[in-house]
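Reader: I have just opened this entry and would like a friendly tour. Could you walk me through it, one question at a time?

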Amino acid sequence: MYCASVFSLVWIFINGNSAGEKTFQANGSEGDFETSKATCSQAGGLLASPRNSAENTAIHQIVVRHNKKAFIGINDIQTEGTFKYLSGEAIRYSNWAAGEPNNGGGTEDCVEIYPDGRWNDRSCNEKRLIICEF
Ligand code: IPD
Ligand code: CA
C-alpha cells in the first residue's frame, strides 16, 4: 500500500500531473482531434477534459512543459456555439481567451489550450500535443 502510493506519486511527478481524482499525461506525440481522442481511448483514458480551474492548471502545465498547444475534450461539432464534453454534456466551466470562441473561418469546432492556459476554438484538423486523462 505504502509502496504503491509512493510509486504512483513518483510516477505522476515524472510523467504527468494530477488534479483531484484525475491524472493527466502526455508522451510528446501529436495528432488531430480524432487521432487524439482515439489515442487516449486506446490507452484506457480520455482526451483531457478540464472541468474546473485545478484541472485546467494541471493540463496547462503539461502544455508549458512540452511547449505545444493541445486539444481538449470539448467541441461544438454537433451544434455551432454549444460546447460539449465528449460525453455530450454541455460545459459549465470554461477558460476562453479574449475574443474566443470566434469560429474563425466558420470551421473551428474543436478547442485548443494555449501555453497561458486559455482556450481557443480551432479547426479539428490541426495537429496538437495529445494529453490524456486517467
Ligand atoms: C487564428 C488566430 C485567432 C483565433 C483562430 C486562429 P491564425 O490564428 O489565433 O485569434 O481565433 O482560431 O486560427 O489562423 O491567424 O494563425
Ligand atoms: Ca478561434
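**A guided tour**

Author: Let us begin in a loop: N67 sits between α3 (53-66) and β5. Please keep in mind that this is a predicted model.

Reader: Is N67 buried or exposed?

Author: A residue counts as exposed when its relative accessible area is over 50%. N67 has 63% relative accessibility, so this residue is exposed.

Reader: And what is the phi value of N67?

Author: N67 is a residue other than glycine, and its phi is positive. The value of phi is near 55°.

Reader: Stepping back, how many helices and strands does the protein have?

Author: Going from the N terminus, the elements follow the order α-β-β-β-α-β-α-β-β-β-β-β-β. Of the 134 residues in the protein, 44% are buried. The count of elements is three helices and ten strands.

Reader: How many residues of strand β5 are buried?

Author: Strand β5 covers residues 70-75 and is mostly covered. In a regular strand, side chains alternate between the two faces of the sheet. Here A70, I72 and I74 point one way, while F71, G73 and N75 point the other way, and all are buried. The number of buried residues in β5 is therefore six of six.

Reader: Which residue in β7 stands opposite A70?

Author: Strand β7 (residues 110-113) pairs with β5 in the antiparallel sense, over four bridges. Opposite A70 in β7 you will find I113.

Reader: Which residue in β6 is the bridge partner of I74?

Author: β5 is also joined to strand β6 (residues 84-85) by two bridges, and these strands run antiparallel. The partner of I74 in β6 is Y85.

Reader: What about the loop between β6 and β7: which backbone oxygen does the side chain of N95 reach?

Author: N95 is found in that loop between β6 and β7. With 14% relative accessibility, N95 falls under the 20% cut-off and so counts as buried. At 2.8 Å, its side chain reaches the backbone oxygen of G117.

Reader: Which residue does a cis peptide bond join to P101?

Author: P101 also has its place in the loop between β6 and β7. Omega of the cis bond is about 0°. The residue joined to P101 by this bond is E100.

Reader: Is N103 buried or exposed?

Author: N103 lies in the loop between β6 and β7, and its phi is near 45°, a positive value in a residue other than glycine. Its relative accessible area is 19%, and the cut-off for buried is under 20%, so N103 is buried.

Reader: Now the ligands. Which residues coordinate the calcium ion (ligand 2)?

Author: Along the chain, the donors of the calcium ion follow the spacing E-x1-N-x5-E-x11-N-D. One of the donor residues, E108, has a relative accessible area of 12% and is therefore buried. The coordination is at 2.3 to 2.6 Å, by E100 (OE), N102 (OD1), E108 (OE), N120 (OD1), D121 (O) and D121 (OD).

Reader: How much of the accessible area of ligand 1 does the protein cover?

Author: Ligand 1 is surrounded by E100, N102, E108, Y114, N120, D121 and R122, a shell of one nonpolar, two polar and four charged residues. An oxygen atom of ligand 1 is 2.9 Å from an N or O atom in the side chain of N102, and one is 3.1 Å from a polar backbone atom of D121. Of the 380 Å² of accessible area that ligand 1 has on its own, the protein covers 45%.

Terms used: Residues are numbered from 1 along each chain as its sequence is written. Chains are lettered from A and ligands numbered from 1 in the order in which they are written. This is a predicted model: local features need pLDDT of at least 70, side-chain atom pairs count only at pLDDT 80 or more; totals for chains, interfaces and linings use all residues. Side-chain values use heavy atoms; hydrogens and water are left out. A residue is near a molecule or strand if one of its heavy atoms lies within 4 Å of it. A polar contact is a pair of N or O atoms within 3.5 Å; within protein, one must be able to donate a hydrogen and the other to accept it, and residues adjacent in sequence count only if both atoms are side-chain atoms. Accessible areas come from the Shrake-Rupley method with a 1.4 Å probe; for residues, only the protein chains shown count as cover. Ala, Val, Leu, Ile, Met, Phe, Trp, Tyr, Cys and Pro count as nonpolar, Asp, Glu, Lys and Arg as charged, and the others, Gly among them, as polar. Donors are N, O and S atoms within 2.8 Å of the metal (3.2 Å for Na, K and Ca); water is not among the atoms, so sites may look incomplete. Buried means under 20% relative accessible area, exposed over 50%, partly exposed in between (1.4 Å probe, protein chains only). Two strands pair if DSSP finds at least two bridges between them.
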